[in-house]
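Please open the structure in your viewer and follow the stops below in order. Each stop states what to select and what is found there.

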2 protein chains.
Amino acid sequence: MRHTKVKDLLNSTTTLQEVNAKGWVRTFRNNQFIALNDGSTINNIQCVVDFENTPDEILKRITTGAAVSVTGNLVESKGAGQKYEIKVAKLEILGDSDPEKFPMQPKKHSLEFLRENAHLRVRTNSFGAIMRIRSVLSFAVHNYFQQKGFVYVNTPIITGADAEGAGEMFQVTSLPLDNLPKTEEGTIDYKKDFFGKHTNLTVSGQLEGETFAMALGQIYTFGPTFRAENSNTSRHLAEFWMIEPEVAFNDLDANMDLAEDFIQYVIKYALDNCGDDLKFLEGRLLEEEKSKPQAERSEMTLLEKLNFVLENNFKRVSYTEAIDILRESTPNKKKKFSYIINEWGADLQSEHERYLVEKHFKCPVILFDYPANIKAFYMRLNEDGKTVRAMDILFPGIGEIVGGSQREERFDVLVEKMKALGIDEKELSWYLDTRRFGSAVHSGFGLGFERLVLFVTGMTNIRDVIPFPRTPGSAEF
Amino acid sequence: MRHTKVKDLLNSTTTLQEVNAKGWVRTFRNNQFIALNDGSTINNIQCVVDFENTPDEILKRITTGAAVSVTGNLVESKGAGQKYEIKVAKLEILGDSDPEKFPMQPKKHSLEFLRENAHLRVRTNSFGAIMRIRSVLSFAVHNYFQQKGFVYVNTPIITGADAEGAGEMFQVTSLPLDNLPKTEEGTIDYKKDFFGKHTNLTVSGQLEGETFAMALGQIYTFGPTFRAENSNTSRHLAEFWMIEPEVAFNDLDANMDLAEDFIQYVIKYALDNCGDDLKFLEGRLLEEEKSKPQAERSEMTLLEKLNFVLENNFKRVSYTEAIDILRESTPNKKKKFSYIINEWGADLQSEHERYLVEKHFKCPVILFDYPANIKAFYMRLNEDGKTVRAMDILFPGIGEIVGGSQREERFDVLVEKMKALGIDEKELSWYLDTRRFGSAVHSGFGLGFERLVLFVTGMTNIRDVIPFPRTPGSAEF
């Protein structure tokens, strides 16, 4: 007989004769009440065992983590907390779970302990919820762009282009490291490597994405990107998923409109489709904050925070205005910032971004028109000759969640910029072809998917919102 | 004024006053007719230039590949082939395209030439169509699984586990190859590498995916996977995208049902949503086949072939039956196969698979219950003790498109198998946890996405259905 998902049983509108459920025991109470979960929902279904007529050897094996199959009628529950429960007529142990050994016992585990057991933590309520939300958010991303006619483009993961300059890269090789082939000059002979050249893992699909946008009009990428940076922080991963839309004929204003609309859409999508999971995580956060002093607790609950983002426009502020605000701010005057803002041109640190978002504006902020010399070579130079059409979106608690720009569409200006920065023109000749042949205004941005999941789930460490985090010193599984 | 997409203009149900379109010139005929394309559809919109009142300097710059903005009324076309056209009142050249230099001239280019220009080939009709179909197929994949309540899981790309055994792996490192740190024993000191150990690019997310399926019930992956194999064929890529669903409580029959239903769904989705692009590619194929002798031409057109897959069940055949068929086949008896099938236990080569699919059954075939010793360690051993619950789906013209199995859920049997194959138990202890704690029957499969795109587009070389192909000796862009 085919089993029914716990979610469907809980959503049933009537009692049902003889249903079968399969899942894992979360708890077993009073030798009678199994809380059964199969991952389809955060909620368990209560299965009432006829313990008087069940052999002791079986009852003993109903332990946390065991896989069981239960068959019986779906009846109205006499207990509080659930509408329906299964009155078990037949119970089968599919797979045991030794309570002395199973690490995921029904008690509070530290997030550190759970991280070390990334393959099992997904059996907890919190991580089940996080991973379901992550999945729904991924789908929201595709939904949004596909509905608008964007083409999904898989830009390459292994790349021979290393001039992107977005960060430190991992090398990819099939050469035997203990016996490297050498050229006559004694250097490593990359002609003998798999691709016949030195290759790396991509840090961004933007440049390749631009070539497709200049043919298909509107494209987006959504794939893994990599940074070989030794950043052991709660906001950085060595391997993370990035979303990079690129749109021909969009200027920076249209780019900001797109980013804001997109973020609001996916958050609304999660609210509409992950109600139970979000409510659970909201409760988890409230519980966690009880141990904090009043001043450190959030002003809003998780759902209030998400709704706030939907109901309020992001504040658009030029870099120049932001510098004025920061220069006049109390923490700057009282020298509480680690980096004091003295003059125009300073690169903003995370402390400044947080001040703007969390203290000054108290809402998501889009900063735009940054000084040219602190931004990438491909950004459109403004008429003032010193700022570029860049934008960053800053979120409370998260910091930068989006970085984007209008691209420099003028061949001569772009080449001059590359020369000034020592970027090899030949190496990027294919990229320059977009400006050589049918160039046009175009814009795009990158959104770090895990930072979005972090914001929506209310978690505080990025390692807790990706199935198997890769960080310095850690690539288990 | 905001521009309107070419697709929307062509789908208009009325004439319109003053519209603006932006895109790239495909052709410019008689100093008067621009065929304008913006990537939103394979179809161009005809823009009629008032050449008598347009300066010669402008007319000269309307060349293939140039980006232009045209404004004017959308009027009924007097010419054949289109319902509406734009009567151009204002034309602006956004970006020139020197006809002496632009490689994508409106003539037939070889697929080899286009591959070398992967950043520009997407501006041709064929590659625009292929990339739009690829995108729609990707979305169909997500749609199918999300509607059924599967959770999308991003398994790791960089992996410290190298016991998967699915193929040769690429090494990932941040060590300086020209100055490798050494241990006291003189071996490479991987403790100093980024992750503190030797790491590779993933060949499959299955093992990690199984750990999630045993918590969330139904999951799927869809991400890049890698093979460092020197296979310079039209069916292999070093970097390709794979879809791997995994379902708790599914046996092999349910796994076959899922795979068949899934493939039929995504093909139907493409037929429903990519009509124009598929029709174009069907025409392209017919054109191409004109130069072939009658015997080598396809029996069905592209759309007929796709509909055939929808309307016919896949033929399910056990390995043992397949061996009997092959042994008795004419090419085997006449020794036309390179590998003659003599006895049970032989590994099937692509020539045998093609015979079964293209000559014998003439439809997609699911082969199942393979000999244990030619399949992976994690596959469920049958009661006969010599076959495993494996299945491969074979497609005409493509060969293997899916490989899957019911997994060995019995801890002891699995460990014994690993020991026999010399697979390190400790290394995969996390994987064995799924069998230690709450084990259950479960199954899954892997589908090579590019092979699916190959089948749906009717292309014959896998390098033509991925934006930037990675193959031995080639990692441009």
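Begin by selecting the open sheet of chain B, whose 8 strands follow the order β6-β10-β11-β16-β15-β14-β13-β12 with mixed pairing. Its edges are formed by β6 (151-152) and β12 (315-318) of chain B; each has a single partner strand, so one side of each lacks a neighbour in the sheet. Like every stop on this tour, this sheet belongs to a predicted model.

Move next to the edge at β6(B), which runs parallel to strand β10 (residues 218-226) of chain B and is joined to it by 2 bridges. Select Tyr152(B) here, and Tyr220(B) in β10(B) appears opposite.

Now display the helices that lie across this sheet. Helix α9 (residues 319-327) of chain B crosses β12 and β13 (365-371) of chain B, at about 90° to β12(B). Helix α11 (residues 350-361) of chain B lies across β12, β13, β14 (387-395) and β15 (399-406) of chain B, and its direction is at about 140° to β13(B).

Turn then to the closed barrel of chain B, in which 5 strands run β1-β2-β3-β5-β4 with mixed pairing. On average, neighbouring strands of this barrel are turned by 55° against each other, direction ignored. Select strand β1 (residues 16-29) and strand β4 (residues 67-76) of chain B, an antiparallel pair with 7 bridges. Within that pair, Val19(B) is opposite Gly72(B) of β4(B).

Finally, show both chains. Chain B is superposed on chain A by a rotation of 180° with 0.0 Å of shift along its axis (RMSD 0.0 Å). The two copies are therefore related as by a two-fold rotation axis. To locate the axis from chain B, select Val172(B), whose C-alpha is the nearest to it in that chain, at 2.4 Å. The same surface serves both copies, as 100% of the contact residues of chain B recur in chain A.

Key:
Residues numbered from 1 in each chain as written. Chains lettered and ligands numbered in written order. Predicted model: local features only at pLDDT ≥ 70, side-chain atom pairs only at ≥ 80, totals over all residues. Heavy atoms only, no water. Least-squares fit on C-alpha atoms with pLDDT ≥ 70 in both. Contact = heavy atoms within 4.5 Å. Pairing = 2+ DSSP bridges. Helix = DSSP H or I, 4+ residues; strand = E, 2+ residues; numbered from the N terminus. Axes fitted to C-alpha atoms, helices over the stretch in contact; angles between N-to-C directions.
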